[in-house]
Structures are given as structure tokens and as C-alpha cells.
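Visitor: Hi! Could you walk me through this protein at an easy pace?
Guide: Happy to. Let's put it on screen and start with one residue.

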Amino acid sequence: MDLLDTLTAKGLRRETPTREEALAVLATTDDELLDVVAAAGRVRRQWFGRRVKLNYLVNLKSGLCPEDCNYCSQRLGSKAEILKYTWLKPEQAAEAAAAGLAGGAKRVCLVASGRGPTDRDIDRVADTIAAIKDANEAVEVCACLGLLSDNQAERLKAAGADAYNHNLNTSEATYGDITTTHTYADRVDTVTKAHGAGLSACSGLIAGMGESDADLVDVVFALREIGSDSVPVNFLIPFEGTPLAKEWNLTPQRCLRILAMVRFVCPDVEVRIAGGREVHLRSMQPLGLHIANSIFLGDYLTSEGQAGQTDLDMIADAGFEVEGAGEPTLPRHRAEAALGGGCGTGGGGCSDASGTEAAHACGTGGGCGPCGGHGDAPAATPENDELRSDLVRVRRRGAGTELAPNA
Ligand code: SF4
């Protein structure tokens, strides 16, 4: 197909596709799907080989958020029966992180619900980073604490944070439909602050919230422009007790097309299959590895993932390998520009700013880590307007509980 040949060639050259080409990927048919995966896979292998980066979520503070992000199980007024707890102590967080690292993760994502951190919260997170890095110097730490005030990003950087996550989540045009307590511009501002402080930008999106193809393309181009080094692609986990509980719009095929579109627009950036992987890709998860080069290991923020060992087995069975702690994730040209350039693509690059995994979207489905649930998903195809508690399983183990983490 001419489209895929063109997109592959552009991806190998780190050249930006056109908006029309990105839209055309989302419009491909099921008959073309394997060709789409193969084309995106060529681009993925060019920049990331067959490596899969594992990231591990530690939910430092769960629930009780004053913000109203519709996709989030921790939102104001959420009826989701998630774990609710305030800040973990540094040693508790370090213990949870150690489980993920022992399972093969190279990045720990420290996430806290809330609008944004106080200066005291930054102190807590600094102590937590120290506790984690004292035990394992090589670990990458990404913080996801919401909207940042002046100088907080610099303090996190000085404390040893490597990255900051704040997702843009959806297009600027539709942002007001999913949240009213902060704006798209607030999110961009935080990503910019993080990037300006020298933190690697992690910023992504949530698909499946009722957005159009144009919205998806808009947010991915915005992520490229803002300079995200890693782009978590969340698939909405429709959590019972949240406004989007019945929003079951995704199929595995649709998820693969979205991942491929992200890969073509951001060819040399860490593309992560984030929340909703098990819920929506289900038995097609291994095909996603041909496009994305990064996943979360084990559980999410407020929902359970498949067993960590199942993640590892899936990676090995599909012919991929877990990226080692000493191996750089980003290609050399990208790593060198990482704290100054965009999502990469050589030619028109993404400027500056950075992204994070969710402007505070710690939330469910979205955010830094899909707090959403997931399950050992049966191969059913969810219907719209139907609650699927069989697919969405609330996290009951790991951080904030007496039970061992899943890693
Ligand atoms: S995504 Fe973050 S800011 Fe929004 S409701 Fe959830 S925890 Fe609060």
C-alpha cells in the first residue's frame, strides 16, 4: 500500500507524516491491519530493535482527588471502590519499587493523586527518590504529581528525578469535555516547566473517551510538538462509578491502529502501551509489542494488570527482550537531544517542552498510569453502554495494602 510505504520511509528518516497520512492510518480496514502493524514494526525496530522497556507504577497517594477528570477513578465524586490512602512513607514506596525492579523494570513511576504537589509533598517525593536510588542507583525515576508550581520541577530534578509525567490526554478542542477543574493550557504549562528544568518529558494520551480520529491526531501531533520523550498510550478503562463507565468504544484492532499512528508520528520516541492494555488489546497484546517499545509491568494505579510473569512470558514468546538497566532507551540522536528537542523526528521536530505522562493524569485509564482496571480479560468484545466489571478489576494488592505487589 502506498500509504504504508510512505509512512515507513518517513519513519525511518524521522520525518513527520502529514495529518492526512496519520488520519488514513486510523481509517485502514481490518484486512489491512497486519500490513499496518508490519509497517509500524519496521519503524519500531529501526529505532528500538526488539527491546521492551518495563516501567513500574507506585501509587504514592490514592484517591481523594479534588479534580474532576471524567476518566479517573480517583476523581472528585468517584464511586469507584478503589483503594484510598494518603502518602506512602519513603520506605514503603521503595519496597514497592524494589518489587518492580526485581521483576525487570528499569523505570519507576511515582504517582500521586491531587491537583498538584505542595512544597512539603516535593520534600516527601525527594525522600522517596533517595530511598529508591540508595538501593538501586541505576533506576530511572519518573514523577507524576500533577500541576507543578514554579521551581518544583527544579527541586525534583535536584532530588534525582529523571523524568516527569503529565499527559495531555486529548485534543485541546475537547479537553473541556473531560475535565473542568483545570485546562489543557495548564497541562502544557506543567510539561513545559518539567522540560525546562531538565527532566525528560513523558506525556501521552487516553483513547476511547468518545473522541474523533481528528482529536487523536491532534493530540499526538501536539505531543510531538511539545517534545515528549516518551508517549504513554492509554486506552480508557471505563471504571464503574465514573462518568465514562459505559464508554466502551475500543476494539483490539482500533487500539493497534492508534498505536501505529503514534509510532508513525513519533517514530523515535518511547511509545508505551499504558493503561487498558489487557482490557482492550486482550489476546492481541503481542501484536502491540511490534509497534510500542515500552509497557507497564504488573499492576496499574487503581486496577490490576495481568501477572508480572505473564508480561515477561508474553515478551519472550513474541520474540522480544526486556531492556536492561544499562541499555539506553532512546536512540543516540534522540538521547542527545532529549532535554531540548521534541518527539523526535528529525525534520520538523518537536520543539521543546516536554511531556509527561499525564498532566496529572494520574488517573485511570489515563495518566501516568492507568489507574484503571483491567483484568485477565476474557476474549469478549464489550458492547457500548454496558458496564464490564468482568474486565475491570480494582487493585487490591501492592502499595497501600498488606499484600505483595504484582511484579
Ligand atoms: S487524573 Fe489526576 S488530577 Fe485528574 S482526577 Fe485523577 S488523580 Fe485527580
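**Starting with Gln152**

Guide: Leaving aside neighbours within four places in sequence, Gln152 touches Pro117, Thr118, Asp119, Ile122 and Leu147. This is a predicted model, by the way.

Visitor: Which helix is Gln152 in?

Guide: Gln152 belongs to helix H6, which covers residues 152-159.

Visitor: And is Gln152 buried or exposed?

Guide: Gln152 is buried, because its relative accessible area is 1%, and the cut-off for buried is under 20%.

Visitor: What does the side chain of Gln152 make a polar contact with?

Guide: The partner is the side chain of Asp119, at 3.1 Å. Asp119 is also among the contacts listed for Gln152.

Visitor: Nice. Switching topic: how far can I trust the model?

Guide: The mean pLDDT of the protein chain is 89, and 87% of its residues reach 70 or more. Over residues 339-384, however, the pLDDT is below 50. That stretch still has 259 contacts in the model beyond near neighbours in sequence.

Visitor: What should I do with a low-pLDDT part?

Guide: Where pLDDT is low, predicted coordinates should not be read in detail.

Visitor: OK. What about Pro331, where is that found?

Guide: Pro331 sits in the loop that runs between strand E10 (321-322) and helix H14 (332-337). Pro331 counts as buried, because its relative accessibility is 9%.

Visitor: Which residues is Pro331 in contact with, leaving aside neighbours within four places in sequence?

Guide: Those contacts are Trp47, Phe48 and Asp268. There is also a C-alpha separation to look at: 8.4 Å between Pro331 and Val269, which are 62 residues apart along the chain.

Visitor: I've heard about phi angles. What sign do they usually have?

Guide: Most residues other than glycine have a negative phi.

Visitor: So what is phi for Arg14?

Guide: Phi of Arg14 is near 60°, which is positive even though the residue is not glycine. Asn169 also has a positive phi, near 75°, and is likewise a residue other than glycine.

Visitor: Where do Arg14 and Asn169 lie?

Guide: Arg14 is in the loop between helix H1 (2-13) and helix H2 (19-26). Asn169 is in the loop between strand E4 (163-165) and helix H7 (175-178).

Visitor: Is Asn169 buried or exposed?

Guide: Asn169 is buried, with a relative accessible area of 0%. Arg14 is partly exposed, at 23%.

Visitor: Last topic: empty space. How many cavities of 30 Å³ or more does the structure hold?

Guide: Two. The largest cavity has a volume of about 100 Å³. Of the 14 residues lining the largest cavity, Tyr56, Leu57, Arg395, Gly398 and Ala399 are the closest to its centre.

Visitor: Which strand gives the most to that lining?

Guide: Strand E1 (residues 51-61), with four residues. By class, the lining of the largest cavity has eight nonpolar, three polar and three charged residues.

Visitor: And what volume does the second largest pocket have?

Guide: About 210 Å³. Its lining has six nonpolar, four polar and two charged residues.

Visitor: Which residues line the second largest pocket?

Guide: Among them are Leu88, Gln92, Glu95 and Ala96, along with Gly398, Ala399, Gly400 and Thr401. Glu402, Leu403, Ala404 and Pro405 line the second largest pocket too. You met Gly398 and Ala399 a moment ago, by the centre of the largest cavity.

Visitor: Thanks, that helps me find my way around!

Definitions and conventions:
Residues numbered from 1 in each chain as written. Predicted model: local features only at pLDDT ≥ 70, side-chain atom pairs only at ≥ 80, totals over all residues. Heavy atoms only, no water. 1 Å grid on protein atoms, 1.4 Å probe; cavity = no way out; pocket = protein on both sides within 12 Å on 5 of 7 lines; lining within 4 Å. Points joined across faces, edges and corners; volume = space filled by probe spheres on them. Nonpolar A, V, L, I, M, F, W, Y, C, P; charged D, E, K, R; others polar. pLDDT = per-residue confidence, 0-100. Contact = heavy atoms within 4.5 Å. Helix = DSSP H or I, 4+ residues; strand = E, 2+ residues; numbered from the N terminus. Buried < 20%, exposed > 50% of the residue type's maximum accessible area, 1.4 Å probe, protein only. Polar contact = N/O pair within 3.5 Å; in protein donor to acceptor, adjacent residues only side chain to side chain.
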